[in-house]
Amino acid sequence: MSLRSDLGRVKGLGAAHEGVNHWRLQRLTAVALILLALWFVTTLMSLIGAPHEKVVAWVGQIHVTVLLLALSLALFWHLKLGLQVVIEDYVHTPWLLIAAQIAVRAFAALGALVAVVSILKISVGMS
Amino acid sequence: MSRSKPLSPHLQVYRPQITSVLSITHRATGIALSAGTVVLLYWLASAAGGSDAYAAAQGVFSHGLVKLLLVGWTWAFFYHLCNGLRHLAWDAGYGFKISTVYRSGYTVIVASLVLTGLIWACVLAKLGGA
């Protein structure tokens, strides 16, 4: 008889050690990005060649600030999940695998922070 | 570790097919777009930095070579978007018939090229008018 609970046995098992969480989050962020990225790319068209004041005024609108923040978080999360799988598939040298995974996490975290801080700085009128 | 076991598939002697080529292109565009986020961050950070920094960034973006890179990233974006929709349909259990897989594959190629053309026609019209 095992002393482990059913929940304990189910949680964290499988080759990924995290069940279907990665798969699910990759799809969830993908669906979010379909909407957010299409909105961003089409809206960006009206800002081509626009002066700084116009860009600042655009970002400063509350709905634009919120959508840009959501886009940044979904984007860098999706990026981390995707690059992680590519590295898992092609890098087989243990130390290189770990180094690459840390580098991807660092890049995704810093990228998301740069985006969030920049958006907020513009939004609160400090640019 | 023993290396005598047969490895499969031998990609070097495997005829490229639309299924495998589109699959690896999805990964390649994902990697390219990841690198491209640096451009997005530069644009955002320069806008946050003030009008001088933003004007400098606009100078960089108007450079011919940078524009060429941006065209490449636009195509990578639309390819990853269209093929991503194809993957989501598969995840939901649709489109597995081999004729459907081929048809959706060619649709992705055409759609990504058309959308890239549309966006850049719009960009060039705007820049020409400015």
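Here is a short walk through the meeting of chains A and B in this predicted model, followed by a look at one helix of chain A.

Let's start where the two chains touch. On one side are 37 residues of chain A, and they are in contact with 30 residues of chain B. The size of an interface is often given as the accessible area lost when the parts come together. Here about 2,800 Å² is buried between chain A and chain B, with carbon and sulfur atoms giving 78% of that area. If you want residues to look for, try A:Met45, A:Ile48 and A:His52: they supply 20% of the area that chain A buries against chain B, more than any other three residues.

Charged and polar pairs also appear between the chains. There are two salt bridges between chain A and chain B. One of them joins A:Arg27 to B:Asp91, with the closest N and O atoms 2.7 Å apart. The count of residue pairs in polar contact is seven. On chain A, the elements giving two or more residues to the touching side are α2 (21-44), α3 (52-60), α4 (62-90) and α5 (94-123). The residues on that side divide into 27 nonpolar, seven polar and three charged.

Now follow α5(A) along its length. At 1.5 Å a residue, its 30 residues should span 44 Å, and the end C-alpha atoms lie 43 Å apart, so the two values agree. Its buried residues include A:Val104, A:Ala108, A:Ala115 and A:Ile119. What do the buried residues of α5(A) pack against? Their partners are α3 and α4 of chain A, together with α1 (18-49) of chain B. Just after the helix, A:Gly125 takes a positive phi of about 80°.

Conventions: Residues numbered from 1 in each chain as written. Chains lettered and ligands numbered in written order. Predicted model: local features only at pLDDT ≥ 70, side-chain atom pairs only at ≥ 80, totals over all residues. Heavy atoms only, no water. Contact = heavy atoms within 4.5 Å. Buried area = accessible area lost by both parts, 1.4 Å probe. Salt bridge = Lys/Arg side-chain N within 4 Å of Asp/Glu carboxyl O. Polar contact = N/O pair within 3.5 Å; in protein donor to acceptor, adjacent residues only side chain to side chain. Helix = DSSP H or I, 4+ residues; strand = E, 2+ residues; numbered from the N terminus. Nonpolar A, V, L, I, M, F, W, Y, C, P; charged D, E, K, R; others polar. Expected span 1.5 Å × (residues − 1). Buried < 20%, exposed > 50% of the residue type's maximum accessible area, 1.4 Å probe, protein only.
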